[in-house]
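Biologist: I have a model on my screen and some labels I want explained. Can you take me through them?

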Amino acid sequence: DASIIQSDGDTKYEVILDKYFKYNEEIYQNIHKLKEKINNSTDLKNFAKEIQLLEKEITTFHAKAVNEIVKNFKSNIDFIGFHGQTIFHNVKEKISKQLGDGTLLSKLTKKTVVYNFRKNDLINGGEGAPLTPIFHKLLVVQNKIQTPVTILNIGGIANVTSINSNF
(Lines give C-alpha, C1' and ligand atoms only; values in the text may rest on other atoms or scores of the structure.)
Protein backbone atom coordinates (compact mmCIF):
# COMPACT_ATOMS: atom_id res chain seq x y z
CA ASP A 1 0.00 0.00 0.00
CA ALA A 2 1.18 3.49 -0.79
CA SER A 3 -0.52 6.70 0.23
CA ILE A 4 0.08 10.37 -0.24
CA ILE A 5 -1.02 12.16 2.89
CA GLN A 6 -1.05 15.86 3.57
CA SER A 7 -0.85 16.78 7.25
CA ASP A 8 0.07 19.53 9.65
CA GLY A 9 1.66 16.75 11.70
CA ASP A 10 -0.56 17.38 14.69
CA THR A 11 -4.31 17.81 14.24
CA LYS A 12 -5.18 17.51 10.54
CA TYR A 13 -4.56 15.08 7.74
CA GLU A 14 -6.03 14.39 4.35
CA VAL A 15 -5.49 11.33 2.19
CA ILE A 16 -4.64 12.54 -1.30
CA LEU A 17 -3.97 9.15 -2.87
CA ASP A 18 -4.14 5.47 -1.89
CA LYS A 19 -2.70 2.89 -4.23
CA TYR A 20 -2.07 -0.82 -3.85
CA PHE A 21 0.95 -2.47 -5.43
CA LYS A 22 0.88 -6.27 -5.37
CA TYR A 23 4.12 -8.16 -4.79
CA ASN A 24 4.87 -10.57 -7.59
CA GLU A 25 4.45 -14.24 -6.69
CA GLU A 26 8.20 -14.80 -6.25
CA ILE A 27 8.63 -11.98 -3.71
CA TYR A 28 5.45 -13.07 -1.93
CA GLN A 29 6.64 -16.68 -1.64
CA ASN A 30 10.16 -15.63 -0.58
CA ILE A 31 8.79 -13.46 2.23
CA HIS A 32 6.67 -16.31 3.58
CA LYS A 33 9.43 -18.90 3.25
CA LEU A 34 11.82 -16.63 5.12
CA LYS A 35 9.27 -15.83 7.84
CA GLU A 36 8.77 -19.55 8.42
CA LYS A 37 12.52 -19.99 8.98
CA ILE A 38 12.83 -17.16 11.51
CA ASN A 39 11.54 -18.28 14.89
CA ASN A 40 13.92 -16.38 17.18
CA SER A 41 16.50 -13.59 17.12
CA THR A 42 19.35 -16.04 16.47
CA ASP A 43 17.70 -16.97 13.19
CA LEU A 44 18.10 -13.35 12.07
CA LYS A 45 21.87 -13.92 12.17
CA ASN A 46 21.68 -17.42 10.69
CA PHE A 47 19.72 -16.22 7.67
CA ALA A 48 21.40 -12.81 7.34
CA LYS A 49 22.47 -13.33 3.72
CA GLU A 50 18.97 -14.43 2.67
CA ILE A 51 17.47 -11.49 4.57
CA GLN A 52 19.84 -9.04 2.88
CA LEU A 53 19.03 -10.33 -0.62
CA LEU A 54 15.28 -10.23 -0.09
CA GLU A 55 15.52 -6.84 1.58
CA LYS A 56 17.20 -5.41 -1.51
CA GLU A 57 14.55 -6.94 -3.76
CA ILE A 58 11.72 -5.55 -1.63
CA THR A 59 13.33 -2.12 -1.44
CA THR A 60 13.71 -2.04 -5.22
CA PHE A 61 10.05 -3.03 -5.58
CA HIS A 62 9.03 -0.16 -3.27
CA ALA A 63 11.28 2.28 -5.14
CA LYS A 64 9.51 1.45 -8.41
CA ALA A 65 6.15 2.05 -6.73
CA VAL A 66 7.29 5.38 -5.27
CA ASN A 67 8.82 6.52 -8.55
CA GLU A 68 5.60 5.66 -10.41
CA ILE A 69 3.56 7.71 -7.94
CA VAL A 70 5.97 10.64 -7.96
CA LYS A 71 6.02 10.67 -11.78
CA ASN A 72 2.21 10.89 -11.93
CA PHE A 73 1.73 13.26 -8.98
CA LYS A 74 2.23 16.91 -9.85
CA SER A 75 2.85 18.32 -6.35
CA ASN A 76 6.03 18.01 -4.31
CA ILE A 77 6.35 15.07 -1.93
CA ASP A 78 8.35 16.15 1.13
CA PHE A 79 9.42 12.74 2.40
CA ILE A 80 8.69 9.03 2.34
CA GLY A 81 7.70 7.06 5.42
CA PHE A 82 8.87 3.49 4.92
CA HIS A 83 7.94 0.77 7.41
CA GLY A 84 9.14 -2.18 5.34
CA GLN A 85 7.89 -5.77 5.60
CA THR A 86 7.94 -7.26 9.11
CA ILE A 87 9.52 -10.72 9.32
CA PHE A 88 10.26 -10.88 13.07
CA HIS A 89 8.99 -8.99 16.10
CA ASN A 90 9.80 -9.69 19.76
CA VAL A 91 8.90 -7.00 22.29
CA LYS A 92 10.67 -8.75 25.20
CA GLU A 93 13.98 -8.80 23.35
CA LYS A 94 13.31 -5.33 21.93
CA ILE A 95 13.92 -6.62 18.41
CA SER A 96 11.87 -6.01 15.30
CA LYS A 97 13.09 -6.73 11.79
CA GLN A 98 11.45 -5.19 8.78
CA LEU A 99 12.74 -5.94 5.31
CA GLY A 100 13.45 -2.60 3.70
CA ASP A 101 16.56 -0.49 3.33
CA GLY A 102 15.66 3.16 3.88
CA THR A 103 19.06 4.40 2.69
CA LEU A 104 18.77 2.47 -0.58
CA LEU A 105 15.17 3.63 -1.04
CA SER A 106 16.32 7.23 -0.62
CA LYS A 107 19.01 6.76 -3.28
CA LEU A 108 16.61 5.09 -5.72
CA THR A 109 13.87 7.71 -5.29
CA LYS A 110 16.00 10.80 -4.61
CA LYS A 111 13.72 11.57 -1.64
CA THR A 112 14.26 11.82 2.11
CA VAL A 113 13.13 8.57 3.70
CA VAL A 114 12.05 8.14 7.31
CA TYR A 115 12.27 4.50 8.37
CA ASN A 116 12.99 2.00 11.14
CA PHE A 117 10.13 3.37 13.26
CA ARG A 118 9.87 0.37 15.53
CA LYS A 119 13.43 0.19 16.86
CA ASN A 120 13.45 3.44 18.84
CA ASP A 121 9.96 2.74 20.19
CA LEU A 122 11.06 -0.69 21.48
CA ILE A 123 14.22 0.76 23.04
CA ASN A 124 12.10 3.32 24.90
CA GLY A 125 9.60 0.83 26.34
CA GLY A 126 7.02 0.78 23.58
CA GLU A 127 5.79 -2.28 21.75
CA GLY A 128 7.03 -1.25 18.33
CA ALA A 129 4.04 0.61 16.88
CA PRO A 130 4.94 4.25 17.52
CA LEU A 131 2.84 5.77 14.74
CA THR A 132 -0.43 4.12 15.71
CA PRO A 133 -1.19 6.16 18.87
CA ILE A 134 -0.09 9.38 17.15
CA PHE A 135 -2.49 8.70 14.29
CA HIS A 136 -5.28 7.69 16.67
CA LYS A 137 -4.88 10.96 18.58
CA LEU A 138 -5.05 12.86 15.29
CA LEU A 139 -8.28 11.01 14.39
CA VAL A 140 -9.81 11.91 17.75
CA VAL A 141 -8.91 15.60 17.39
CA GLN A 142 -9.81 15.97 13.71
CA ASN A 143 -13.13 14.14 14.07
CA LYS A 144 -13.98 15.73 17.43
CA ILE A 145 -14.47 12.32 19.06
CA GLN A 146 -15.45 12.56 22.71
CA THR A 147 -12.88 11.23 25.18
CA PRO A 148 -12.15 8.96 26.90
CA VAL A 149 -12.06 6.62 23.91
CA THR A 150 -10.35 3.36 23.06
CA ILE A 151 -9.45 2.53 19.47
CA LEU A 152 -8.70 -0.97 18.21
CA ASN A 153 -6.58 -1.12 15.06
CA ILE A 154 -6.76 -4.56 13.46
CA GLY A 155 -3.88 -5.15 11.07
CA GLY A 156 -1.13 -7.75 10.91
CA ILE A 157 -0.82 -7.17 14.63
CA ALA A 158 -3.67 -5.54 16.58
CA ASN A 159 -2.99 -2.26 18.42
CA VAL A 160 -5.11 -0.69 21.13
CA THR A 161 -4.90 3.01 21.97
CA SER A 162 -6.73 4.53 24.93
CA ILE A 163 -7.05 8.29 24.91
CA ASN A 164 -8.31 10.24 27.89
CA SER A 165 -9.35 13.88 28.09
CA ASN A 166 -5.86 14.96 29.26
CA PHE A 167 -4.07 14.30 25.98
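Modeller: Start with the terms. Helices are DSSP runs of at least four residues, strands are runs of at least two, and both are numbered from the N terminus. Keep in mind that this model is predicted. Read from the N terminus, the order is β-β-α-α-α-β-β-β-α-β-α-α-β-β. That comes to six helices and eight strands.

Biologist: What makes Lys-144 exposed rather than buried?

Modeller: Exposed means over 50% relative accessible area. Lys-144 has 72%, so the label is exposed. The residue sits in the loop between α6 and β7.

Biologist: And why is Asn-116 called partly exposed?

Modeller: Partly exposed covers the range between under 20% and over 50%. Asn-116 has 38% relative accessibility, so it falls in that range. Its place is the loop between β6 (113-115) and α5 (117-123).

Biologist: What is unusual about the backbone at these two residues?

Modeller: Most residues other than glycine have a negative phi. Asn-116 has a positive phi of about 60°. For Lys-144, phi is positive too, at about 50°. Neither Asn-116 nor Lys-144 is a glycine.

Biologist: Which peptide bond is cis, and how do you know?

Modeller: The bond from Thr-147 to Pro-148 has omega near 5° and is cis. Most peptide bonds are trans. Pro-148 lies in the loop between α6 (131-142) and β7 (149-153).

Biologist: What makes a residue part of the lining of the second largest pocket?

Modeller: A lining residue has an atom within 4 Å of a pocket point. For the second largest pocket, 13 residues pass. Glu-55, Lys-97, Gln-98, Gly-100 and Asn-116 lie nearest its centre. Strand β5 (residues 95-99) gives the most to this lining, with four residues. The volume of the pocket is about 190 Å³.

Biologist: How much of the chain counts as buried?

Modeller: Buried means under 20% relative accessible area. Of the 167 residues in the chain, 30% are buried. The chain exposes about 11300 Å², and carbon and sulfur atoms supply 51% of that area.

Biologist: What share of the contacts joins residues 24 or more positions apart?

Modeller: A contact needs heavy atoms within 4.5 Å. Among contacts with a separation of 6 or more, 54% join residues 24 or more positions apart.

Biologist: Last one. How far apart are the mean positions of the positive and negative charges?

Modeller: They are 4 Å apart, for 22 positive and 18 negative charges. Lys and Arg count as positive, Asp and Glu as negative.

Definitions and conventions. Residues numbered from 1 in each chain as written. Predicted model: local features only at pLDDT ≥ 70, side-chain atom pairs only at ≥ 80, totals over all residues. Heavy atoms only, no water. Buried < 20%, exposed > 50% of the residue type's maximum accessible area, 1.4 Å probe, protein only. Areas by Shrake-Rupley, 256 points an atom, 1.4 Å probe, with all protein chains shown as cover. Charge placed at Lys NZ, Arg CZ, Asp CG, Glu CD. 1 Å grid on protein atoms, 1.4 Å probe; cavity = no way out; pocket = protein on both sides within 12 Å on 5 of 7 lines; lining within 4 Å. Points joined across faces, edges and corners; volume = space filled by probe spheres on them.
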